[in-house]
Amino acid sequence: MNLHEYQARALLKTAGIPMLDGDVASTPTEAEAIARRLGGKVVIKAQVHAGGRGKAGGVKLARNTAEALDHATQILGMQIKGLTVNKVLVVPAADIATESYLGLVMDRESQAPVFMVSSAGGVDIEEVAAKTPEKIVRLAVDPTYGLLPHQALTLGFSLYRDFNQVKAAARIMEQLYGVFTGNGCSLAEINPLVTTPAGQVLALDAKIVIDDNELFWRPELGLMRDDSAEEPSEAAARRANLSFIKLEGNVGCVVNGAGLAMATMDLVKYYGGEPANFLDIGGSSSPEKVINALKIITTDPRVRAILFNIFGGITRTDDVANGIVEATRQFKVKVPIVIRLTGTNESEAIRILEKVGMTALSDMDEAVQRVVQLARKAA
Ligand code: GDP
Ligand code: MN
């Protein structure tokens with residue numbers, strides 16, 4: 001789950017990380033009022049779940065309240081990477097001497113949280129990572145001990161020479177580590193971490209991603225979810241209790257079990273197709289789940305054909321068949337459906353489908369080849 005910057009800031013603030021206090025606004029006049037309260041010299045920042053807002057024109061410096069109103073008017077409602085800006089953050093503008101990068105990610109390879117730190121921070125950090133990766137210092141943290149003081153100081157020295165700034169940065173890293181582990185984050189990032197001409201170290205931006213699997217333990221964090229900022233089909237799928245990830249292809253996939261879903265996507269690709277989604281209807285599949293799955297998949301205009309790949313174990317294939325029949329009764333599915341099912345109650349499922357003129361295959365290769373062909377013909 002992605003947090004908006006203003007939400008991420010609140011978590012960093014609670015941990016004691018130094019930041020300038022601002023406020024969020026949903027209308028230009030609200031933004032203007034906040035800017036006036038803050039003295040006029042502010043930064044207006046688009047609140048969307050996308051990086052690179054600065055480069056996209058979503059972060060603008062205002063010298064006075066009138067400019068703040070102008071910028072807010074322009075930024076509210078604009079599109080950044082396909083996302084509409086519904087809120088802006090208004091914060092006092094900081095004077096910047098240097099911009100650094102401070103990130104903490106859960107790293108599969110190290111099987112630990114890894115700090116990434118660079119004195120070449122700011123809006124070009126992706127380019128730094130791609131072209132001069134040696135400018136990024138990495139440190140894996142042993143979760144048994146946490147970030148040790150000497151490690152934090154070593155990272156601090158990779159950013160600054162001034163010892164007060166080194167200590168300030170080290171403290172911020174310890175606080176960031178606390179935020180990361182305390183909130184089940186998969187990513188916590190401050191970019192830029194700036195120094196001011198007066199020598200102060202400040203966090204100017206915050207990005208936090210919370211591992212969805214951690215929300216069970218931390219329901220209060222789930223309240224921060226902004227449905228309107230997510231891919232609509234993914235939000236709908238979550239509400240229907242389906243594991244769904246939208247992809248770019250044209251073969252819709254409805255599968256039971258994450259492993260089979262991945263194998264199915266591999267096979268679609270193997271036969272020259274492109275999956276439109278990953279979808280796992282889960283173990284016990286009520287017809288309702290199948291209906292929801294079909295609804296979500298058919299809202300994607302790119303989908304040219306749909307594949308059901310069901311391996312009946314706990315999942316009853318007759319439940320799935322009933323779901324398919326019921327769904328096609330409830331709404332018109334305009335693209336061809338290829339059904340492969342095998343396992344629990346298979347003959348019952350086939351009977352249900354045949355009654356409405358549908359057929360099912362039992363061979364996975366055959367089904368995938370057929371759906372890829374159908375999608376290609378319709379494309
Ligand atoms: P991002 O592009 O989405 O990461 O948005 P950021 O919040 O990181 O802002 C992008 C850039 O805008 C920063 O790297 C800074 O150079 C600049 N910026 C952001 N806040 C301030 C500020 O308070 N004062 C000044 N002078 N520049 C700022
Ligand atoms: Mn940033």
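**Exercise 1: Aromatic pairs**

Find out how many aromatic pairs this predicted model holds, and decide how the rings of phenylalanine 157 and phenylalanine 163 are arranged.

*Solution.*
Step 1. Start with the count: the structure holds three aromatic pairs.
Step 2. Take the rings of phenylalanine 157 and phenylalanine 163, whose centres are 5.9 Å apart with 15° between the planes. Rings pair if their centres lie within 6.5 Å, and planes under 30 degrees apart count as stacked. This pair is therefore stacked.
Step 3. Now try another of the pairs, phenylalanine 216 and tryptophan 217: the ring centres are 5.1 Å apart and the planes stand at 85°, so the pair is edge-to-face.

**Exercise 2: Buried or exposed?**

Sort the residues of these two pairs by their relative accessible area, using phenylalanine 157, phenylalanine 163, phenylalanine 216 and tryptophan 217.

*Solution.*
Step 1. Recall the cut-offs: buried is under 20%, exposed is over 50%, and partly exposed is in between.
Step 2. Phenylalanine 157 has 46% and is partly exposed; phenylalanine 163, at 42%, is partly exposed as well.
Step 3. Phenylalanine 216 reaches 66%, so it counts as exposed, and tryptophan 217, with 63%, is exposed too.

**Exercise 3: The manganese ion**

Which residues coordinate the manganese ion (ligand 2), and where in the chain do they lie?

*Solution.*
Step 1. The ion is coordinated by Asn191 through O and by Asp205 through OD, at 2.2 Å.
Step 2. Asparagine 191 is in strand 10 (residues 185-195), while aspartate 205 sits in the loop between strand 11 (201-203) and strand 12 (207-210). The two are 14 residues apart, and the pair links distant parts of the chain.
Step 3. Check their surroundings: both asparagine 191 and aspartate 205 are buried.
Step 4. Look at the next residue along: a cis peptide bond, with omega about 10°, joins asparagine 191 to proline 192, and proline 192 also belongs to strand 10.

**Exercise 4: The two pockets**

Work out where the largest pocket lies with respect to the domains, then describe the second largest pocket.

*Solution.*
Step 1. The domain assignment gives domain 1 (21-92), domain 2 (98-222) and domain 3 (231-378).
Step 2. The largest pocket has about 930 Å³ of space. Its lining takes residues from both domain 1 and domain 2, so the pocket lies between them.
Step 3. Of the 43 lining residues, Arg53, Val123, Asn191, Pro192 and Asp205 lie nearest the centre. You have met Asn191 and Asp205 already, at the manganese ion. The lining divides into 23 nonpolar, nine polar and 11 charged residues.
Step 4. The second largest pocket has a volume of about 740 Å³ and a lining of 24 residues. At least three of these come from each of domain 2 and domain 3. By type, the lining holds 11 nonpolar, five polar and eight charged residues.

**Exercise 5: Positive phi**

Where in the chain do asparagine 241 and asparagine 345 lie, and what are their phi values?

*Solution.*
Step 1. Most residues other than glycine have a negative phi.
Step 2. Asparagine 241, in the loop between helix 8 and strand 13, has a positive phi near 65°. At 60% relative accessibility, asparagine 241 counts as exposed.
Step 3. Asparagine 345, in the loop between strand 17 (337-343) and helix 12 (346-355), has a positive phi of about 60°. Asparagine 345 is partly exposed, at 34% relative accessibility.

Definitions and conventions. Residues are numbered from 1 along each chain as its sequence is written. Chains are lettered from A and ligands numbered from 1 in the order in which they are written. This is a predicted model: local features need pLDDT of at least 70, side-chain atom pairs count only at pLDDT 80 or more; totals for chains, interfaces and linings use all residues. Side-chain values use heavy atoms; hydrogens and water are left out. Donors are N, O and S atoms within 2.8 Å of the metal (3.2 Å for Na, K and Ca); water is not among the atoms, so sites may look incomplete. Helices (H or I, at least four residues) and strands (E, at least two) are DSSP runs, numbered from the N terminus. Buried means under 20% relative accessible area, exposed over 50%, partly exposed in between (1.4 Å probe, protein chains only). Rings of Phe, Tyr and Trp (its six-membered ring) pair if their centres lie within 6.5 Å; planes under 30 degrees apart count as stacked, over 60 as edge-to-face and the rest as tilted. Domain bounds come from an automatic or database domain assignment. On a 1 Å grid over the protein atoms alone, a cavity is a set of points where a 1.4 Å probe fits but cannot get out, and a pocket is an open set with protein on both sides within 12 Å along at least five of seven lines; lining residues have an atom within 4 Å of a point. Grid points are joined across faces, edges and corners, and a volume is the space filled by probe spheres set on the points. Ala, Val, Leu, Ile, Met, Phe, Trp, Tyr, Cys and Pro count as nonpolar, Asp, Glu, Lys and Arg as charged, and the others, Gly among them, as polar.
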